[in-house]
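Trainee: Please take one part of this model and walk me through it closely. Then connect it to whatever surrounds it.

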Amino acid sequence: MTIIVVNNKGQYNHRIARSLQYLKIPAKLIQNTVSIEEIEAENPIGLILGGGPSIEGAGLSEEYIKHFDIPILGICLGHQLIAKAYGGEVTTSDTESYAQVKININNDENLFKGLAPEMDVWSSHKDEVKTIPEEFEILASSNLCDVESFKHKDKDVYGIQFHPEVHHTPKGSVIFENFYKICQERCNND
């Protein structure tokens, strides 16, 4: 019942794995160069793509997104990689900064269950999703970013621009717990 956390060289990737462990959610942190076969051998029930400084340093992350048919959560760079993998557009933001942001939640099912209508988050806005892929819908937005979160309409593939793993996102643990429930439900139904 393990969730694989992909380290995309971001400063908070280790915190993602630790946050899951604090919540008693089985997790394993791996480098973004680990082969698809090695990940499959772990038989994960979910995949979390961590943040990082650049798309160029994302290793095999896009291939993981295209290959795995398990719930996926992209955080910051992971969110942008999901958009890119499905044909969306990622651009440099006008407001390049880390900031405390209040997001407006449009859809409080699944990932945001129990968190609507708004949530304080710690968000990085160096790069952002400008255009979402056709088969996605926006789950949350803010005054700094139109796409703070999105979801694939038919798959359990989610992206969030913000960092649920830091204490500046007070209810970030709920995001991880909700994602774990999505993974467990999917696993039980397969």
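**A covered helix and its surroundings**

Mentor: Start with helix α4, residues 77-85. The helix is mostly covered, with 8 of its 9 residues buried. The model is a predicted one, so read every value here as computed from predicted coordinates. The buried residues of α4 are L77, G78, H79, Q80, L81, I82, A83 and A85. After the helix comes G87, and its phi is positive, near 95°.

Some of α4 belongs to a nonpolar core. That core has 25 residues, and L77, L81 and A83 are among them, along with I30. An α-helix has 3.6 residues a turn, so residues three or four places apart point the same way.

C76 sits just ahead of the helix in numbering. C76 is buried, because its relative accessible area is 7% and the cut-off is under 20%. The whole structure holds 0 disulfides. For C76, the nearest cysteine sulfur belongs to C145, 9.8 Å away. A disulfide needs the sulfurs within 2.5 Å, so C76 is in none. C183 is likewise in no disulfide, and its nearest cysteine sulfur, that of C187, is 8.8 Å away. C183 is buried too, with a relative accessible area of 0%.

Now the sheet. It is open and has 9 strands. Their order is β2-β1-β3-β4-β11-β10-β9-β6-β7, with mixed pairing. The edges are β2 (27-31) and β7 (118-124), each of which pairs on one side only. From one strand to the next, the twist averages 25°. Inside the sheet, β6 (residues 98-105) and β9 (residues 136-141) run antiparallel, joined by 2 bridges. I105 has A140 in β9 as its bridge partner.

Another helix packs on this sheet. Helix α1 (residues 13-22) lies across β1 (3-7), β2, β3 (46-49) and β4 (72-75). Its direction is about 165° to that of β1.

The largest nonpolar core is separate from the one that holds L77. This largest core counts 31 residues, and I48 and F112 have the most contacts inside it. Elements giving two or more residues to it are β1, α1, β4, β6, β7, β9, β11 (157-160) and α5 (172-189). The largest share, 6 residues, comes from α5. Look at I48 in detail. Leaving out residues up to four places away in sequence, I48 touches I3, I4, V5, V6, I16, L20, L73, I75, F176 and F179.

Next, the loop between β1 and α1, where Y12 lies. Y12 is buried, with a relative accessible area of 14%. Its contacts, again not counting residues up to four places away in sequence, are Y98, W122, H163, E165 and V166. The C-alpha atoms of Y12 and P164 are separated by 9.9 Å, though the two residues are 152 apart along the chain.

Finish at the edge strand β7, where S123 is found. S123 is buried, with a relative accessible area of 0%. Its side chain makes a polar contact with the side chain of E148, at 3.3 Å.

Notes
Residues are numbered from 1 along each chain as its sequence is written. This is a predicted model: local features need pLDDT of at least 70, side-chain atom pairs count only at pLDDT 80 or more; totals for chains, interfaces and linings use all residues. Side-chain values use heavy atoms; hydrogens and water are left out. Two strands pair if DSSP finds at least two bridges between them. Helices (H or I, at least four residues) and strands (E, at least two) are DSSP runs, numbered from the N terminus. Axes are lines fitted to C-alpha atoms, for helices over the stretch in contact, and angles run from 0 to 180 degrees between N-to-C directions. Contact means heavy atoms within 4.5 Å. Buried means under 20% relative accessible area, exposed over 50%, partly exposed in between (1.4 Å probe, protein chains only). A nonpolar core is a set of buried Ala, Val, Leu, Ile, Met, Phe, Trp, Tyr and Cys residues joined through side-chain atoms within 4.5 Å. A polar contact is a pair of N or O atoms within 3.5 Å; within protein, one must be able to donate a hydrogen and the other to accept it, and residues adjacent in sequence count only if both atoms are side-chain atoms.
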